[in-house]
Amino acid sequence: MQYQEIEALKESHICANCIGEEYLSSRVSNEGKKANCNYCGEKEKSITLEDLSREIVKAFEDHYSRTQRDPDGLQWAMMKDPESNYDWEREGEPSEYAIMNAADLPPQAAKDIQSILSSEHFDYDEPESEFSDETHYEEVMPGDHEWEQGWRDFQTSIKSEARFFSNVALGQLDRLFVNINTIKTSMGKPLIVDAGPETGMASLFRARVFQSEASLKSAMMRPDLELSAPPSQFATAGRMNAKGISVF
């Protein structure tokens, strides 16, 4: 869009009734000024798209993150594997739809806000600017940045400081997972579920990938040998074991 078109869009109005997100709608109802809404045509308490765009940016800084543009190394390998039917698809939603769903806006209003933000955040040096047509976003859980930093600190402590006995790691795990049993998913389901006899998940199955038919047949003939902990000479260092100490 041309500069003049973007400036005109910024002056457009959207009313509280056209904003489905409860918090934003309430703010416009309380703080907005009466104007003709460009999306429903009614004269109601409204806000300019320029002001609403600022609110969208704040919300995305706190609650959304951009998803990766291309498959990672493992995903590329899976795509190239002739025996795999894996088809990579970028996670998240395109900017326009992420904005529309975040604020529960009419499609045209979301498109107009995306055009404004794409223009404001355009950067020639970036392969993909914020809010561009190609950019995808996904919602992150509250406090996600703090959790990510805490997890990185934990990894550093375990990998390069004290692997098995670390008060720092213990404290970080306590902070990361305290009250995790009370956290719900976006669908309202608990993160922690009970498994075992007399629960809704009575069985768990452990799977192992085999790279050849011969090794698969060998394991099926002697699962007691092939599917147990590996011999010590083949036991590599793992999450909690040193090299040469096999752990099932």
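Reader: Which residue is the bridge partner of Ser65 in strand 6?

Author: Glu138 is the bridge partner of Ser65 there. Please keep in mind that this is a predicted model. In the same strand 6, Arg66 has Tyr137 as its bridge partner.

Reader: How do you know that strand 4 and strand 6 are paired?

Author: By counting bridges: pairing takes at least two, and strand 4 and strand 6 (residues 136-139) have three, in the antiparallel sense. Strand 5 and strand 6 pass that test as well, with two antiparallel bridges joining them. One residue to look at here is Glu93, which stands opposite Tyr137 in strand 6.

Reader: What is the strand order of that sheet, and is the pairing parallel or antiparallel?

Author: The sheet is an open one of three strands in the order 4-6-5, and its pairing is antiparallel.

Reader: What makes strand 4 and strand 5 edge strands?

Author: Strand 4 (64-66) and strand 5 (93-94) each have a single partner strand, so each has one side without a neighbour in the sheet.

Reader: Which strands does helix 3 lie across in that region?

Author: Helix 3 (residues 49-63) lies across strand 4 and strand 6, and its direction is at about 80 degrees to strand 4.

Reader: On to the other sheet. What is its strand order?

Author: The order is 1-3-2, in an open sheet of three strands with antiparallel pairing. Strand 1 and strand 2 are the edge strands, since each pairs on one side only. From one strand to the next, the twist averages 70 degrees.

Reader: Which strands of this sheet does helix 3 touch?

Author: Helix 3 packs on the sheet with contacts to strand 1 and strand 3, and its direction makes about 60 degrees with that of strand 3.

Reader: How do you know that strand 2 and strand 3 pair?

Author: The same count works here: at least two bridges are needed, and four join strand 2 (residues 33-36) to strand 3 (residues 43-48), which run antiparallel. You can follow the register residue by residue: Lys33 stands opposite Ser46, Ala35 opposite Glu44, and Asn36 opposite Lys43. Strand 1 is joined to strand 3 by three antiparallel bridges, and His13 stands opposite Thr48 in strand 3.

Reader: How many residues lie between the two strands of the hairpin formed by strand 2 and strand 3?

Author: Six residues lie between them, and Gly41 in the turn has a positive phi of about 80 degrees.

Reader: Now the helices. At roughly what angle do the axes of helix 5 and helix 6 cross?

Author: The axes of helix 5 (residues 95-103) and helix 6 (residues 107-120) cross at roughly 125 degrees and come within 8 Å.

Reader: Why is helix 5 called oblique to helix 6?

Author: Angles from 65 to 115 degrees count as roughly perpendicular and those over 145 as roughly antiparallel. The crossing angle of roughly 125 degrees falls in neither range, and therefore helix 5 is oblique to helix 6. The crossing is right-handed.

Reader: Which residues make that contact?

Author: Helix 5 brings Ser95, Glu96, Ile99 and Met100, while helix 6 offers Pro107, Ala110, Lys111, Ile113, Gln114 and Leu117. By class, this contact has six nonpolar, two polar and two charged residues.

Reader: At roughly what angle do the axes of helix 1 and helix 6 cross?

Author: The axes of helix 1 (residues 3-10) and helix 6 cross at roughly 125 degrees and come within 10 Å. That makes helix 1 oblique to helix 6, and the crossing is left-handed. Ile6, Leu9 and Lys10 of helix 1 meet Asp112, Ser115, Ile116, Ser119 and Glu120 of helix 6. In class terms, this contact has three nonpolar, two polar and three charged residues.

Reader: Which element has the lowest mean pLDDT, and which has the highest?

Author: Helix 7 (residues 144-160) has the lowest, at 71, and strand 1 (residues 13-15) the highest, at 97. The protein averages 83, and 84% of the residues score at least 70. As a friendly caution, predicted coordinates should not be read in detail where pLDDT is low.

Note on methods: Residues are numbered from 1 along each chain as its sequence is written. This is a predicted model: local features need pLDDT of at least 70, side-chain atom pairs count only at pLDDT 80 or more; totals for chains, interfaces and linings use all residues. Side-chain values use heavy atoms; hydrogens and water are left out. pLDDT is the predictor's confidence in each residue, from 0 to 100. Axes are lines fitted to C-alpha atoms, for helices over the stretch in contact, and angles run from 0 to 180 degrees between N-to-C directions. Angles under 35 degrees count as roughly parallel, over 145 as roughly antiparallel, 65 to 115 as roughly perpendicular and the rest as oblique. A crossing is left-handed if the near helix is turned anticlockwise from the far one by less than a right angle, and right-handed if clockwise. Contact means heavy atoms within 4.5 Å. Ala, Val, Leu, Ile, Met, Phe, Trp, Tyr, Cys and Pro count as nonpolar, Asp, Glu, Lys and Arg as charged, and the others, Gly among them, as polar.
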